[in-house]
Amino acid sequence: MLFYKLYKDADGRKVGFVQGNEACVEAALLAGMRFFAGYPITPSSEIAAVSAEKLPMLGGRFIQMEDEISSMGAIIGGSMTGKKTMTATSGPGFSLKQENLGYAIINEVPCVIVNVQRGGPSTGLPTQIAQADVMQARWGTHGDHPIIAISPASVSQVVTSTIRAFNLAEKYRTPVILLMDETLGHMREKIVLPREDEIELIDRKQTEDTPEEFKPFATKHGDVPLFAPYGKGYRYNITGLIHDEAGFPTTKTDEVVSLLDRLHSKINDNLDDIVEVCEFQTEDADTLLVSFGSATRSCISAMEKGRAEGKKIGVLQLLTVWPFAEKQIVKLTEKIKNVFVVEMNMGQIIGEVSRCSHRDAVVTGINKYNGIYITPQEILEKVKESR
Amino acid sequence: MKNLYEVRLSGSGGQGLITAGMIMGEAASVFDGKFAVQTQSYGPEARGGACKAELIISEKEVAYPKPVDADILLALSQQAYDQYKDDVKEDGVIIVDSSLVKYEKGKGVYPIPITQLAIDKVGLKVTANVVALGVISSLTGVVSYEALERALLSRIPPGTEEINKKALALGKTLEFKDNI
Amino acid sequence: MKSAIHDYLRPKKKFPHVWCPGCGHGIILASIVRAIEAAGKNRDEVVVVSGIGCSSRAPVYVDFSSIHSTHGRALTFATGVKVANPKLTVIVISGDGDGMAIGGNHFIHACRRNIDLTMIVFNNNIYGMTGGQASPTMPQGDYASTAPFGTLERPFDVCKLANASGANFVARGVVTSPIPLEKHIKKGIEKKGFSVIDVAETCPTIYNFFNKTGNPLKMMKDLKAKAIPVQKANTMTEEELKGKIVTGVFADRYYPDFTTSYDKIIMDSAKRSMKDEESI
């Protein structure tokens with residue numbers, strides 16, 4: 001059962017007043033999602049419910065799995081048949097998905113994992129906001145690995161970010177994490193969905209090799225191997241073990257290093273394409289609020305209020321949380337030395353901001369972790385206090 | 001008319017407050033062409049716990065999405081009234097269900113027996129939220145009646161169109177006074 | 001003489017395999033390959049999925065699309081493959097530890113869901129790869145590195161579990177009788193819905209190390225002697241059946257399978273999706 005309705009505007013775009021979770025599914029369908037596997041968990045459950053309702057209308061398929069682990073396994077299996085796949089969860093479930101997330105990374109399986117963050121650790125605050133899974137998104141699965149995580153701040157940004165998540169997953173053959181939060185997931189705003197002719201969709205590049213020539217992890221075309229869907233005559237193996245170009249387990253030191261290096265370089269050599277930030281009034285700012293996700297909105301309001309009082313505040317939204325926007329922080333802190341990192345956790349992304357900031361910059365955390373959305377007033381007070 | 005309204009619809013789970021918030025937000029953003037953001041909070045209970053839907057309706061894009069002090073407070077339960085009556089702007093209005101809530105009279109406080117009217121005049125208690133929407137529209141003009149009616153009709157179960165229209169119209173045509 | 005198994009071995013795969021001399025895994029793998037061939041499946045449309053453990057290395061050696069997945073999770077990856085592309089024939093290879101302990105929940109739910117997969121359990125009652133820990137099918141009282149005083153826990157009967165959980169086809173074979181085993185697997189592949197073939201076998205390296213069960217040949221002979229066809233078992237008392245392994249078909253049903261049922265939802269949903277959005 002759907003709790004929203006889409007209308008058509010004069011330009012033929014679909015319009016609606018919808019939740020972040022609902023917008024995520026609408027955008028995923030536009031991006032080409034045709035398989036979703038999930039497990040009920042607050043505050044992400046609407047994503048599964050809307051997927052269950054809408055996927056079959058497009059010939060896609062939905063399955064409610066027996067747990068979080070199996071949902072992650074299923075979207076990997078589904079993606080190997082060439083389908084664009086997604087799952088959605090929140091903190092506890094995200095913890096459970098981590099092992100298979102690593103499997104998707106090492107086997108370069110495109111898929112999207114939505115984490116609608118809630119308070120933690122453990123069961124934490126199931127119905128309340130937090131942004132405390134940022135580091136888990138980066139380092140939750142074991143071993144050295146790269147990751148892409150995108151964190152939208154509004155329901156409209158959920159639409160663009162979800163489409164982007166699928167595109168990046170396909171382009172770089174990697175899982176992409178969409179880091180939302182409870183408030184954004186349940187918040188309703190108007191969205192205008194792009195028409196199909198207005199979106200650039202990326203599909204994983206398919207091999208043109210014959211099955212005999214084909215190697216699933218060949219590097220001859222660059223760092224991102226070309227794909228062959230299961231069932232089309234390319235009979236190959238994938239394994240969570242370190243593998244060679246043919247997909248078979250190896251412990252040869254040069255093959256081990258070359259796989260791990262390539263998994264990283266395919267992301268790290270393309271930061272300009274992957275990392276996206278939004279700057280608000282940073283041109284003349286002497287104070288910078290760095291934030292991501294929902295907290296960004298409070299920063300923008302704090303900036304507006306502060307500027308009305310004559311304070312030159314600017315805001316940097318890390319739309320791509322991972323890989324980290326190192327270059328952008330370096331550049332901004334060359335001229336802005338008063339830096340505040342606003343996050344609804346006890347201080348996670350601040351470590352990255354400090355690491356990348358100019359040595360003369362003073363980086364201060366503004367944190368809230370009581371389950372309540374941080375307010376512009378709270379941010380402004382902290383900014384004034386530390387002057 | 002203000003450029004920005006902070007709206008708090010409060011009461012208990014099961015009174016349809018979140019539905020009312022959705023209808024109001026859709027009316028304002030999709031049909032009236034304003035910016036609207038709606039958030040909510042509720043306890044783990046499906047029915048009976050404290051519940052509120054909050055909206056900001058603005059001529060400009062909304063950044064921080066939560067109301068602080070409300071321009072419009074709707075209170076459909078004693079608990080909600082007691083909790084939120086002080087978080088209302090000086091020129092704000094409180095619409096209180098006088099059939100359910102003991103309230104202090106004052107300027108900007110509009111007592112209306114919403115639930116009782118829903119029972120007596122519409123014939124269906126659960127339309128109290130829709131009656132309240134009609135009241136909000138005619139008292140404040142934050143959303144147009146036409147937009148509300150359209151959003152309402154798209155959010156309700158088929159077959160309930162007439163009774164819901166009746167409830168909305170009742171809210172619109174009621175006469176109300178503050179400070180009584 | 002070249003048999004089916006040679007034709008299906010991965011041409012460029014770096015043999016030798018990881019299995020010990022005297023291990024039954026090769027016999028079961030060969031039975032699976034013959035069964036796939038006998039069922040007339042196009043090898044391009046077969047996906048073999050496994051978890052982690054000695055048995056789960058099997059898919060790596062044969063020339064099908066294969067997923068050597070994570071420990072216990074073969075069924076989850078296989079479910080994703082099957083639901084995303086129901087045309088594929090999906091075979092799941094799992095051990096008793098992989099499939100019944102860490103993957104036990106997925107197992108009962110795959111049965112309940114009755115998804116069209118064929119699962120073969122390489123059941124040697126012990127964790128071999130990790131060095132001999134007690135598995136959920138180890139007979140009570142037997143020894144393992146983690147059961148130095150004998151296991152306290154009673155074993156799962158894979159077939160009873162599958163039967164009670166709703167799988168469409170449930171059978172048990174023994175590694176010492178590959179011909180009936182191959183027939184069970186073939187039947188399982190041909191059957192719409194979830195099929196489970198439990199295969200009783202031996203682990204002459206690790207099981208013998210902890211339980212002094214004798215050399216590989218003795219273990220095979222002992223295993224063969226323990227196997228009792230279900231028809232005969234039905235005539236025996238509980239006392240007589242102690243320590244025996246009952247073989248044969250335990251369930252052969254025709255409940256609708258998941259993906260076929262889902263196709264009907266797609267057909268119905270297509271009609272609903274024809275409605276156009278109204279204009280603002």
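Colleague: In what order do the strands of the open sheet stand, and of what kind is the pairing?

Modeller: In this predicted model, nine strands form the sheet in the order β10(A)-β2(C)-β1(C)-β3(C)-β4(C)-β8(C)-β7(C)-β10(C)-β9(C), and the pairing is mixed. Strands are DSSP runs of E with at least two residues, helices are runs of H or I with at least four, and both are numbered from the N terminus. Residues are numbered from 1 along each chain as its sequence is written, with chains lettered from A and ligands numbered from 1 in the order in which they are written. Local features need pLDDT of at least 70 and side-chain atom pairs count only at 80 or more, whereas totals for chains, interfaces and linings use all residues; side-chain values use heavy atoms, with hydrogens and water left out.

Colleague: Which strands stand at the edges, and why?

Modeller: They are β10 (237-239) of chain A and β9 (227-229) of chain C; each has a single partner strand, so one side of each is left without a neighbour in the sheet. From one strand to the next, the twist averages 20°.

Colleague: How do you know that β1 and β3 of chain C pair?

Modeller: Two strands pair if DSSP finds at least two bridges between them. Five bridges join β1 (residues 46-50) to β3 (residues 89-95) of chain C, so the pair meets the rule. The two strands run parallel, and C:V46 stands opposite C:T89.

Colleague: What makes the link of A:E108 and A:R262 a salt bridge?

Modeller: The rule asks for a side-chain nitrogen of Lys or Arg within 4 Å of a carboxyl oxygen of Asp or Glu. Here the N to O distance is 2.6 Å, so the rule is met. A:E108 lies in the loop between α4 (91-106) and β6 (111-117) and A:R262 in helix α8 (residues 253-268), so the pair ties together parts of chain A that are 154 residues apart in sequence. Both residues are buried (under 20% relative accessible area, against over 50% for exposed and in between for partly exposed; 1.4 Å probe, protein chains only).

Colleague: Why is B:D91 called exposed?

Modeller: Its relative accessibility is 52%, so B:D91 passes the limit for that term. B:K2, at 23%, is partly exposed. The two form a salt bridge with closest N and O atoms 3.2 Å apart. This pair links the segment before β1 (4-12) of chain B to strand β5 (residues 88-97), 89 residues apart.

Colleague: Which salt bridge does C:E277 form?

Modeller: Its partner is A:K14, the closest N and O atoms being 3.6 Å apart. The pair crosses between chains, from the segment after α12 (258-272) of chain C to strand β2 (residues 14-19) of chain A. The whole structure holds 51 salt bridges over all chains.

Colleague: How many salt bridges and polar contacts are found between chain B and chain A?

Modeller: The count of salt bridges is zero. The rule does find 10 residue pairs in polar contact, both residues at pLDDT 80 or more. Such a contact is a pair of N or O atoms within 3.5 Å; within protein, one must be able to donate a hydrogen and the other to accept it, and residues adjacent in sequence count only if both atoms are side-chain atoms. On the side of chain B that touches chain A, α1(B) gives the most, with eight residues.

Conventions
Axes are lines fitted to C-alpha atoms, for helices over the stretch in contact, and angles run from 0 to 180 degrees between N-to-C directions.
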